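Subject: Structure handover and findings

Dear colleague,

Please find below the structure that I am handing over to you. The findings follow it, with the terms explained where they first appear.

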Amino acid sequence: MASCVTRTQTSQWQHVEDDALKLVVTITQEPVCVTLGAPAIVAISLCLITAIRLLQPAAVVALVALAPMALFVHNDFQNYLKLGPGGTPSTFSGYLKINWLKLWALRDPFTPMAVHGELEPAHGILSKKPLPYRCGPRPNVVGIAPQRQTNQFGSRECYLALRRILARHSQEHDTLLGLGTSCFEKHGIGLFARFPVNNTCQGEIVHVHNSDFAMHMNLHPEDAKEVLAKGWGQRHPLTAQRWLKMPVPENFTMVYAPRSEDELKIVCRIIQAAGYWVMAEDIEVQMG
């Protein structure tokens with residue numbers, strides 16, 4: 001696919017690009033892998049012989065059972081850290097919190113949310129001009145908080161263009177919008193409504209990840225359904241909204257990183273829909 005064509009930058013946006021150019025995509029997820037060479041086999045054999053001689057049989061069985069569990073936890077924790085900084089601290093306590101929330105997470109992120117009661121606004125705006133289907137398969141998405149793409153990151157040019165679009169959009173409508181650090185993500189750029197009708201996290205409309213260039217935003221259920229159906233995104237795992245209070249709203253939706261100028265245009269339409277849900281104002285997001 002063709003990369004986004006960026007316009008000549010001005011000093012007004014220089015700081016945006018300078019910050020972004022320092023970022024490197026490093027998201028990886030490794031499977032549990034054990035390689036035993038001759039020294040490792042000898043060491044394990046000696047440890048087993050010693051344990052059998054010195055410990056009770058029940059203790060030996062417990063040690064043998066716990067070893068692979070410890071290996072799995074270590075590998076899973078390392079994969080959690082590789083997702084990069086997000087709304088949950090990159091610590092072992094943060095990892096434990098996420099695994100607790102994982103028990104109540106959404107099992108199917110592609111099933112539209114149920115609508116409960118009357119909504120304001122009553123309807124979404126994407127139905128006026130339905131989205132085209134996104135080309136190709138969906139990207140691989142892992143994690144909960146943070147939730148990240150692990151492939152199809154999109155071009156850096158698209159990412160920089162999106163940051164400039166959000167910055168310009170907030171400045172052109174500064175009585176209604178503001179730009180700052182994401183309230184949900186705690187990192188990365190976020191667009192906020194000054195007078196939200198549907199209050200999210202301090203009126204956050206959308207934030208963009210510095211690592212995988214994907215976004216999270218709050219959408220009207222009808223617009224979220226359109227995004228899911230056409231392959232542009234998926235629901236956040238913590239939007240299940242069961243008896244346990246979740247840290248994100250039910251409308252929280254991941255939108256995949258744009259890979260081309262054409263996809264960036266579609267993403268701008270989805271961001272416009274997100275703004276409409278949060279502040280009940282339909283303000284076009286201009287590409288520039």
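Two strands are said to pair if DSSP finds at least two bridges between them; helices (H or I, at least four residues) and strands (E, at least two) are DSSP runs, numbered from the N terminus. Under these terms, V206 in β5 stands opposite M217 in β6.

This is a predicted model, in which local features need pLDDT of at least 70 and side-chain atom pairs count only at pLDDT 80 or more, while totals for chains, interfaces and linings use all residues. Residues are numbered from 1 along each chain as its sequence is written, and side-chain values use heavy atoms, with hydrogens and water left out.

Overall composition

The chain contains seven helices and eight strands. Of its 288 residues, 47% count as buried, where buried means under 20% relative accessible area, exposed over 50%, and partly exposed in between (1.4 Å probe, protein chains only). Among the contacts in the chain with a separation of 6 or more, 68% come from residues 24 or more positions apart; a contact means heavy atoms within 4.5 Å.

The sheet

Six strands make up an open sheet with antiparallel pairing, in the order β3-β4-β5-β6-β8-β7. Its edge strands are β3 and β7 (233–235), each of which pairs on one side only. From one strand to the next, the twist averages 20 degrees. Angles here run from 0 to 180 degrees between N-to-C directions, and axes are lines fitted to C-alpha atoms, for helices over the stretch in contact.

Strand β5 (residues 204–208) is mostly covered, with five of its five residues buried. On one pairing, three bridges join β5 to the antiparallel strand β4 (residues 189–193), and L191 has V206 as its bridge partner. On another, three bridges link β5 to strand β6 (residues 215–218), again antiparallel. β5 and β6 form a hairpin with six residues between them, and F213 in the turn has a positive phi of about 70 degrees.

Strand β6 is also joined by four bridges to strand β8 (residues 252–255), and these two run antiparallel. Here M215 stands opposite V255 in β8.

Which residues does F252 contact, leaving aside its neighbours within four places in sequence? They are F184, H207, H216, M217, N218, R235, H236 and T239. F252 lies in strand β8 and is buried, with a relative accessible area of 3%. From F252 to T239 the C-alpha to C-alpha distance is 6.7 Å, with their positions 13 residues apart in sequence.

Helix packing

Helix α5 lies across β3, β4, β5 and β6, running at about 135 degrees to β3. Two packed helices are described by the angle between their axes and the distance between the axes. For helix α5 (residues 156–172) and helix α7 (residues 261–279), the axes come within 11 Å and cross at roughly 35 degrees. The crossing of α5 past α7 is right-handed; that is, the near helix is turned clockwise from the far one by less than a right angle, whereas anticlockwise would be left-handed.

In this packing, C158, A161, L162, I165 and L166 of α5 meet E261, L264, V267, C268 and I271 of α7. The residues of the contact divide into nine nonpolar, no polar and one charged. In this count Ala, Val, Leu, Ile, Met, Phe, Trp, Tyr, Cys and Pro are nonpolar, Asp, Glu, Lys and Arg are charged, and the others, Gly among them, are polar.

A161 in helix α5 counts as buried because its relative accessibility is 8%. The C-alpha atoms of A161 and E261 are 9.2 Å apart, although the two residues are 100 residues apart along the chain.

Cysteines

The structure holds one disulfide, a disulfide being a pair of cysteine sulfur atoms within 2.5 Å. It joins C183 to C201, with an S to S distance of 1.8 Å. C183 lies in the loop between β3 (177–181) and β4, and C201 in the loop between β4 and β5, so the pair ties together parts that are 18 residues apart in sequence. The torsion about the S-S bond of C183 and C201 is about -40 degrees, and the disulfide is therefore left-handed. Both C183 and C201 are buried. By contrast, C47 counts as exposed at 53% relative accessibility, and C135 counts as partly exposed at 47%.

With kind regards
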